Amino acid sequence: MKPICTILIVDDEPGIRRSLGESLVEEGFAVIKAESGEHALDLLEYSDPDDVGLMLLDVWLPGIDGLEVLARSKALLPNLPVIMISGHGNINTALQATKLGAFDFIEKPIDLDRLLLVISNALRQHSLETENTRLQKAINQEHFFMADSTAMKNLLSDIKLVAPTDGRVLITGENGVGKEEVAKLIHAQSNRAKSPFVEVNCAAIPEELIESELFGHVRGAFTGAIRDQKGKFREADGGTLFLDEVGDMSLKTQAKVLRTLQEGRVEPIGGGGAIDTDVRVLAATNKDLSEEIRAGRFREDLYFRLAVVPLAIPPLRDRKEEIIPMAEAFIARIAKAYKKPAKHISEEAKETLINYDWPGNVRELKNIMERLVILTRGSEISSKDLGHLVVRTFVDTDSMSIPEFSSLKDAREWFEKVYIQRELKLQLGNVSRTAERLGLDRSNLYKRLRALGIEQKES
C-alpha cells in the first residue's frame, strides 16, 4: 500500500530514531532518518521537493542546532511542514521556532497519540495551502487577459497599483470582456485575499429580493423569512463584495447601498439594529452610468462613491493582437481538461478569427474554442469549422426597404426584430450561439423573442 507520505526524522539519539520510525511505519508512513542537522539539510537539498512530506526535528543537535536547521530548511523548502521535538524545551525556544515557521513544538518523552494528531493537522493544513495555490494558478491561467496590447498592459498595471489598497473600483466594459475576472484579480492581489470574495449579480435577483440578499433579514421580516439571513455585505466581512451589473439596481436599493458605504454599517430588513462591516466594494456594469444618471436611473452620489478608481476594459475587437494567443491558450487548456488531442489553428482560420468583430468578446471566444475542441475532427481547426462566424459589413440604408413608422419606438422594435431574426438565421436557429453573438444571456434573449413575437426552433 502506498505510504501516506514520507517523514524525515532528525535526532541524534539512535533509540529515538528507531522507535519513532517503527511507530510511524506501523501507522502507514514512510520514514527516512538523519542523525545531524547537516545530514538532514543534505537530504533536503538533493531530494525532489515532493520526496519529503514532513520533518520531525530535534532542537538539540550536534553541530548546527535544530533552530538553524529549521531556518535553512525553510529557505530550501518554504512549504515543508516542520514539527520541533525537544527534551529541554522552553517557551522562548518554542516561540522562536514558531517565528521561523515550525508548525508545532512537542516535548520528550513523546506521546505517540498526540504526535499523530499534530502530524495529521500539519498535513491537512499543508494540503489546504497547496490546493489554494493550485486554485490561484488556475484562476491566473484562465487566459482572459493576455496583455499583448497596450490597452491591456495599462489595465493590468493599474490593477497592480489599486489592488493592495482598499479603494473602491468601478469596472466598465461590454458583456463578456471579463469584468468578473478583473474583480477576482484585484481581490487575489489585495491584502484581503485570504478573506471571502462574495459576488452579487444585481441584474439576476428580483427587485423585491435584492435588499434581503445584500443586507440580510431577521426571521419573520416578511412572508417566507423563516430564519435569519446575514446578507452578502456581512458574508463578505473582512473581504471583498463584488456588485456585478450594478447599473441594474433599483433607486431604492441604491439609496440603501449608499448609506451602507457612507456609514460602514448594514441594517437587516426587519430590524435588529445596525451592524458594523469591513468590506471592500468592487462594482461592474456594461451600461454608460453617466447616461443613466442623466436619465434619472442612477444616483450620482452613489456613482462617485463606487468609482473612486474607474477601470475600463476594452472590447476584444479593439485588441486584435490578443485574439490568436488567447484562442490558442483556451484550446490548450480545454483540450487538457477534456483529455482531448491538441489542435492547431490554420492560417485561414486565424484570419477569420481576427476579422470577426466578437460581439460576445472573450466569453464568446472561449465558448467557441471549447466547441471546436469538442466537435472538430482531426488536429487542425480550419476556416470551414468557423463558417458560422460572419464578418459584419456596413449596410447601405439607401438600398434598404424601410417601412414607415409612427414613432421611434416602433422603428427600434422593427429593427431589433429584423436584426435578431437575421442572427438566428446565421446561427441556424441556435439560440445559445445567437445569444453569444448579441452579447445577451440566453434567458434574456428568450424574453426578447417572446416580446417581439419571433418564432424559433432550437437546433
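Let's start at R317, which is partly exposed because its relative accessibility is 32%, a value between the 20% and 50% cut-offs. This is a predicted model, so keep that in mind as we walk through it. The side chain of R317 meets that of E174 in a salt bridge, with 2.4 Å from N to O. Along the chain the two partners are 143 residues apart: R317 belongs to the loop between β12 (309-312) and α13 (323-337), while E174 belongs to the loop between β6 (169-172) and α7 (179-188), and the pair links these distant parts. E174 has a relative accessible area of 28%, so this partner is partly exposed too.

That pair is one of 25 salt bridges in the structure. For a contrast in sequence separation, look at E68 and R72. Their closest N and O atoms are 2.9 Å apart, and they form a salt bridge. Here the partners sit in one helix, α3 (residues 66-76), and because they are four residues apart, about one helical turn separates them. E68 comes out as partly exposed because its relative accessible area is 34%. R72, at 39%, is partly exposed as well.

Now move to strand β3 (residues 54-58), which is mostly covered, with five of its five residues buried. Why do neighbours along a strand point in opposite directions? In a regular strand the side chains alternate between the two faces of the sheet. In β3, L54, L56 and D58 point one way, M55 and L57 point the other way, and all of them are buried.

What lies alongside β3? One neighbour is strand β1 (residues 6-10), which runs parallel to β3 and is joined to it by four bridges. In that pairing, I7 stands opposite L54. Strand β4 (residues 82-86) also pairs with β3 in the parallel sense, again over four bridges. There you can find L57 of β3 opposite M84 of β4.

D58 of β3 deserves a second look, since there is a charge to account for. Side chains of opposite charge can pair when their charged atoms come close. The side chain of D58 meets that of K108 in a salt bridge, at 3.5 Å from N to O. This pair also links distant parts of the chain: D58 is in strand β3, K108 is in the loop between β5 (104-107) and α5 (112-140), and their positions lie 50 residues apart in the numbering. Both D58 and K108 are buried. The two are also members of a network of salt bridges that links D11, E13, D58 and K108.

Back out at the surface, E22, E26, E27, D111 and D113 form a negative patch. Take E26 as an example from that group: its place is in helix α1 (residues 14-26). Is E26 buried or exposed? It counts as exposed, because its relative accessibility is 69% and the cut-off for exposed is over 50%.

One last stop is H88, in the loop between β4 and α4 (91-99). H88 has a relative accessible area of 58%, so this histidine is exposed. If you want a sense of distance, go from H88 to K160: the two are 72 residues apart in sequence and 48 Å apart in space, C-alpha to C-alpha.

How values were computed:
Residues are numbered from 1 along each chain as its sequence is written. This is a predicted model: local features need pLDDT of at least 70, side-chain atom pairs count only at pLDDT 80 or more; totals for chains, interfaces and linings use all residues. Side-chain values use heavy atoms; hydrogens and water are left out. Patches are made of residues with over 30% relative accessible area and no salt bridge: like charges are joined within 9 Å, nonpolar side chains (Val, Leu, Ile, Met, Phe, Trp, Tyr) within 5 Å. Accessible areas come from the Shrake-Rupley method with a 1.4 Å probe; for residues, only the protein chains shown count as cover. A salt bridge is a side-chain nitrogen of Lys or Arg within 4 Å of a carboxyl oxygen of Asp or Glu. Lys and Arg count as positive and Asp and Glu as negative; His and the chain ends are not counted. The place of a charge is taken as NZ of Lys, CZ of Arg, CG of Asp or CD of Glu. Helices (H or I, at least four residues) and strands (E, at least two) are DSSP runs, numbered from the N terminus. Buried means under 20% relative accessible area, exposed over 50%, partly exposed in between (1.4 Å probe, protein chains only). Two strands pair if DSSP finds at least two bridges between them.
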